[in-house]
2 protein chains.
Amino acid sequence: MQAMRLCSGPQAGPSGRCARSRTRCSAAVAGGKVYIDPVKKECTAFAPATVANLGPGFDWLGCAVEGEGDTVVARVLPDQPGKVVIDKIEGDNGRLSLVAAENCVGIAAIETLKLMGQPSCGVGLTLHKGLPLGSGMGSSAASAAAAAWAVNGLFGSPLTKDQLVTAGLASEAAVSGYHADNVGPSLLGGFVLVRSCDPLELVRLPYGGNGPLYFVLVNPLFEAPTKQMRAVLPRDVPFKSMIHNSTQGGALVAAILQGDARLLGSALDSDCIVEPVRAPLIPGMAAVKAAAKAAGAFGCTISGAGPTAVAVVSDADVGARVADAMADAFRTEGRLEVNSKAVVRLDPEGAKFV
Amino acid sequence: MQAMRLCSGPQAGPSGRCARSRTRCSAAVAGGKVYIDPVKKECTAFAPATVANLGPGFDWLGCAVEGEGDTVVARVLPDQPGKVVIDKIEGDNGRLSLVAAENCVGIAAIETLKLMGQPSCGVGLTLHKGLPLGSGMGSSAASAAAAAWAVNGLFGSPLTKDQLVTAGLASEAAVSGYHADNVGPSLLGGFVLVRSCDPLELVRLPYGGNGPLYFVLVNPLFEAPTKQMRAVLPRDVPFKSMIHNSTQGGALVAAILQGDARLLGSALDSDCIVEPVRAPLIPGMAAVKAAAKAAGAFGCTISGAGPTAVAVVSDADVGARVADAMADAFRTEGRLEVNSKAVVRLDPEGAKFV
């Protein structure tokens, strides 16, 4: 079926072939079904890396950062309504499954098509991994966000980013865990507070003012032991620790909305529940945190589930020194090679067409 | 010693009697000591009620509200440097001690004089209680804030409100508990996040935008069992509950700064740790909460340590209906008389001279 733009608005066309749709889209009725048609043959989208588990923001706060990310090309598969095929994956060293239902881009695409209703065609996907797997920088979420946005673009963007987060969440649930604090910001950009996953309720937190804010991300060559990372989380926490983390989480939100990089770094640095049990599983992490602050960072913690460490600064030159100090600490104290280090800004846009 | 204004600035006067002071004040050197002199014979200050323990903001978030409050008149006690005497207390039904070191206004005044350095006189205090004792509306904090502000005013306001919070905190520690989430907002006004008490670190949270925000406060005739209120707090909490309360605390801060009354009420309503164990100690509280929401409130919780219940609305008429519904629930379900009900705005100013 060729791309057709039959209507734009609630009016039915003269032939009765155009049905009202919940969303801005192209739609056609065939055999009693309302089909949504693609508006182009191919669509490419990029989605950025994200930093989640922001200290006391564990499980509910994340942000998108500029720089590397994942790219997905979605193409029309004619006459295979709803079908999703993964054509190719590059940059994963052959580690990711090409079975759509087992892969984060495949699942995100399937869920996006479901959200649309009745797509008149299927979708073929090519994934270019820009982010290392298991790095703690939201690799699977970036893939899912790019896939959802590319597939949505293929059909003329009938769905909003907010709506697509549910598609990304389904993908994350299958491959990484039921949490939206990576895929939310990877789609939406900026800081995102995940107030609830079911029903999904997100609160966007624009960074206040125009003051400078940089994240220093240092990724060591180390596979964080995912199962152990989960296993060390305590079943119960002292009441006082709960109050402490709630307070610092509140301060973190205030710092974001008031554009206070110093408070942001300091609050992110002050988790007394998760970081203390997870940091020992990443060789050198304690030294990296100390080195970051000694070099001028406002604070430092684990990015996502690690092993990447993230620090906050308000000056790019200071950021470069902090990155060097963190990398040195990973090498000398952690005996780890460093895969990458970067000083990046917040990405206010999130997923975008390229 | 009479009030003298000897200098304003770091310059020494021609007679050498004017010494440099840390703070804006009147100062005189006598017998080698730098004295700070009063600038008037009497000074009167008012400080407002506050709502603390704002649901998931337990122990770290409070706000000042318009309406009732406490008033303190501070007068000069000549030739009794540093001495604090309580002249009179009205409106307490004789329940408060007239011994300065045992009373919140006395302690706040003593600490304020200490912060100033070497006052050349003492202070006599009269307290007019506008707030009921043990109501959960920050009664002791309002007394302390009014005392600190009145004494400070007597000496030409050498100290800032931020500095005076430490005096108020010392008072609260002695009579109510070591927490600044009432005395902070009673002095400063608006919403205040207490990031740390030692060292004291406060973050002011201005309510965003100009949208309407009202608090409905219903105070039943009931003495909340303070010891039990403390005793029921759990020693440990489930990790998931910690995440939930941190998330909702973050959402509460976002709601304040973004001026979202609906989210504010909803987040304040969602504490899953403290309110569930404290509400059963206040007769009818569960029914009051349900009645508030059924009548249109965005959320409802316990104010402070109770027994006052607080609900959030964005319309004064809705607020009046919510107040009636809450009062009815206290009467019918809690079998309690209602002492007062009010629909009030945020007090952005805090302590002030009258």
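Which residues of chain A does UniProt assign to the feature "domain: GHMP kinase C-terminal"? The unreviewed UniProt entry places this domain at residues 253-330 of chain A. The structure examined here is a predicted model. Over residues 253-330 of chain A, helix accounts for 55% of the chain and strand for 12%. The end C-alpha atoms of this stretch lie 29 Å apart.

The relation between the two chains was examined next. Chain B superposes on chain A after a rotation of 180 degrees, with 0.0 Å of shift along the axis. The RMSD of this superposition is 0.0 Å. The chains are therefore related by a two-fold axis. Both copies use the same surface: 97% of the contact residues of chain B recur in chain A.

The interface itself draws 37 residues from chain B and 36 residues from chain A. Interface size is often expressed as the accessible area lost when the parts come together. Between chain B and chain A, about 2700 Å² is buried. Carbon and sulfur atoms contribute 66% of that area. Zero salt bridges are found across the interface of chain B and chain A.

The nonpolar interior was then considered. The largest nonpolar core holds 86 residues. Within this core, A:F191 and B:F191 have the most contacts. Residues up to four places away in sequence aside, A:F191 touches a set of partners that includes A:L54, A:G62 and A:C63. Also among them are A:V203, A:R204, A:L205 and A:Y207. Further contacts of A:F191 include A:L213, A:F215, A:I256, A:L264 and A:L346. One of these partners, A:I256, falls in helix α6 of chain A, which spans residues 239-258.

Helix α6 of chain A also contains A:S241. The relative accessible area of A:S241 is 15%. A:S241 therefore counts as buried, the cut-off being under 20%. Beyond its neighbours within four places in sequence, A:S241 contacts A:C272 and A:I273.

In chain B, B:L154 belongs to helix α2, residues 139-154. B:L154 is buried, because its relative accessibility is 0%. Neighbours within four places in sequence aside, B:L154 contacts B:P38, B:V39, B:K40, B:K41, B:E42 and B:C43, among others. The contacts of B:L154 also include B:A74, B:R75, B:V76 and B:V123. B:L154 and B:F191 are separated by 37 residues in sequence. Their C-alpha atoms are 27 Å apart in space.

Notes. Residues are numbered from 1 along each chain as its sequence is written. Chains are lettered from A and ligands numbered from 1 in the order in which they are written. This is a predicted model: local features need pLDDT of at least 70, side-chain atom pairs count only at pLDDT 80 or more; totals for chains, interfaces and linings use all residues. Side-chain values use heavy atoms; hydrogens and water are left out. UniProt positions are given in the numbering used here, feature names are shortened, and annotations may be inferred rather than shown by experiment. Helices (H or I, at least four residues) and strands (E, at least two) are DSSP runs, numbered from the N terminus. Copies are superposed by least squares on the C-alpha atoms of residues with pLDDT of at least 70 in both. Contact means heavy atoms within 4.5 Å. Buried means under 20% relative accessible area, exposed over 50%, partly exposed in between (1.4 Å probe, protein chains only). A nonpolar core is a set of buried Ala, Val, Leu, Ile, Met, Phe, Trp, Tyr and Cys residues joined through side-chain atoms within 4.5 Å. Buried area is the accessible area (1.4 Å probe) that two parts lose on being put together, summed over both. A salt bridge is a side-chain nitrogen of Lys or Arg within 4 Å of a carboxyl oxygen of Asp or Glu.
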